[in-house]
Structures are given as C-alpha cells and as structure tokens.
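I opened a fresh page for this chain and went through it strand by strand. Here are my notes, in the order I looked things up.

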Amino acid sequence: FSHLPTICAIFIFQTRPNVTTANNDIFHCCDLTVARPASLVNVLPLNIWVKITNKNNGRSVVARVTDTCPTAALDLTAGGGAYALNCYNGPITISTP
C-alpha cells in the first residue's frame, strides 16, 4: 500500500446495536476494525488487515477492514484507533502489517 496517499482518520464512538458491516460482521465499537473510504474500495478489499500509523506521533495499530464509509476519511472504531494511536483525528498512513 505504499502508493496510498496520507489520508485523514476519524474515529467512530457511537454504538450501532445489531448493525452489520459490509462483510456481514456485527459492528462493535471496541473491535479493531476500520471502514475504508469509498474512494479506496478497489485498493483495500474487505477482510484484510492493515497497519495504520499516526503521522503526528508514530504510533500504529493493526485493524481489519470490515466496512465502507461515505466519507473521504478512514473510519476507525474506538478500539481500533483512538486509544491505540492516542489520537482522535488526524493524518495517518496505511501499510501492510
């Protein structure tokens, strides 16, 4: 994924009970999962693991792509990003684990 541009990450904190993701998993805000932007559907397939690195502090987390989001940013769950990356929004890079 070295050809991917630096994009912004946002974090999802709300719970969505009994909602399934694009790969038919039940959404849970504490899972290590991410929703890819619609612009990256052809680049980031569902069910792959990606390493997401916070460009501001160098911290990273490995999360599974389970959904597609309508925004231009990568949507990480609270468990998949906010705590691990010590960041609630900002520039990130995506790479293979």
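Which residues does Arg64 touch, not counting residues up to four places away in sequence? I keep in mind that this is a predicted model. My list for Arg64 reads Asn23, Asp25, Leu32, Thr33, Val34, Asn47, Ile48 and Trp49. One of these neighbours got a second look: the side chain of Asp25 makes a polar contact with the side chain of Arg64, at 2.3 Å. I also noted that Arg64 sits in strand E4.

**Entry: the whole chain**

I stepped back to get my bearings. I counted 6 strands and 1 helix, and along the sequence they come in the order β-β-β-β-β-α-β. The chain has 97 residues, of which 42% are buried. For contacts between residues at least 6 apart in sequence, I found that 74% join residues at least 24 apart. The exposed area comes to about 5100 Å², with 54% of it from carbon and sulfur atoms.

**Entry: strand E4 and its partners**

I returned to E4, the strand that holds Arg64. E4 spans residues 60–69, and 7 of its 10 residues are buried, so the rest of the structure largely encloses this strand. Which way do its partners run, parallel or antiparallel? E2 runs parallel to E4, joined by 5 bridges. E3 pairs with E4 in the antiparallel sense, also over 5 bridges.

I looked up one bridge on each side. On the E2 side, Pro37 has Cys69 of E4 as its bridge partner. On the E3 side, Thr53 is partnered by Ser60 of E4. The hairpin of E3 and E4 has 5 residues between the strands, and there Gly58 takes a positive phi near 80°.

**Entry: Pro37**

Is Pro37 buried or exposed? Its relative accessibility is 1%, and the cut-off for buried is under 20%, so Pro37 counts as buried. Pro37 belongs to strand E2, residues 33–37. I also checked its distance to Thr71: the two are 34 residues apart along the chain, yet their C-alpha atoms are separated by 5.8 Å.

**Entry: Trp49 and the nonpolar patch**

Trp49 was on the Arg64 list, so to speak, and I followed it to strand E3, residues 49–54. Where does its side chain show up on the surface? Trp49 joins Leu32 and Val62 in a nonpolar surface patch of about 260 Å². With a relative accessible area of 44%, Trp49 is partly exposed. Leu32, like Trp49, is among the residues that Arg64 touches.**Entry: two asparagines with positive phi**

I finished with the backbone. Asn24 has a phi near 70°, a positive value in a residue other than glycine. Asn24 lies in the loop between strand E1 (7–12) and E2. With a relative accessible area of 62%, Asn24 is exposed.

Asn47 also has a positive phi, near 70°, and is likewise a residue other than glycine. I placed Asn47 in the loop between E2 and E3. At 41% relative accessibility, Asn47 is partly exposed. Asn47 takes me back to my opening question, since Arg64 touches it.

Terms used
Residues are numbered from 1 along each chain as its sequence is written. Side-chain values use heavy atoms; hydrogens and water are left out. Patches are made of residues with over 30% relative accessible area and no salt bridge: like charges are joined within 9 Å, nonpolar side chains (Val, Leu, Ile, Met, Phe, Trp, Tyr) within 5 Å. Accessible areas come from the Shrake-Rupley method with a 1.4 Å probe; for residues, only the protein chains shown count as cover. A salt bridge is a side-chain nitrogen of Lys or Arg within 4 Å of a carboxyl oxygen of Asp or Glu. Helices (H or I, at least four residues) and strands (E, at least two) are DSSP runs, numbered from the N terminus. Buried means under 20% relative accessible area, exposed over 50%, partly exposed in between (1.4 Å probe, protein chains only). Two strands pair if DSSP finds at least two bridges between them. A polar contact is a pair of N or O atoms within 3.5 Å; within protein, one must be able to donate a hydrogen and the other to accept it, and residues adjacent in sequence count only if both atoms are side-chain atoms. Contact means heavy atoms within 4.5 Å.
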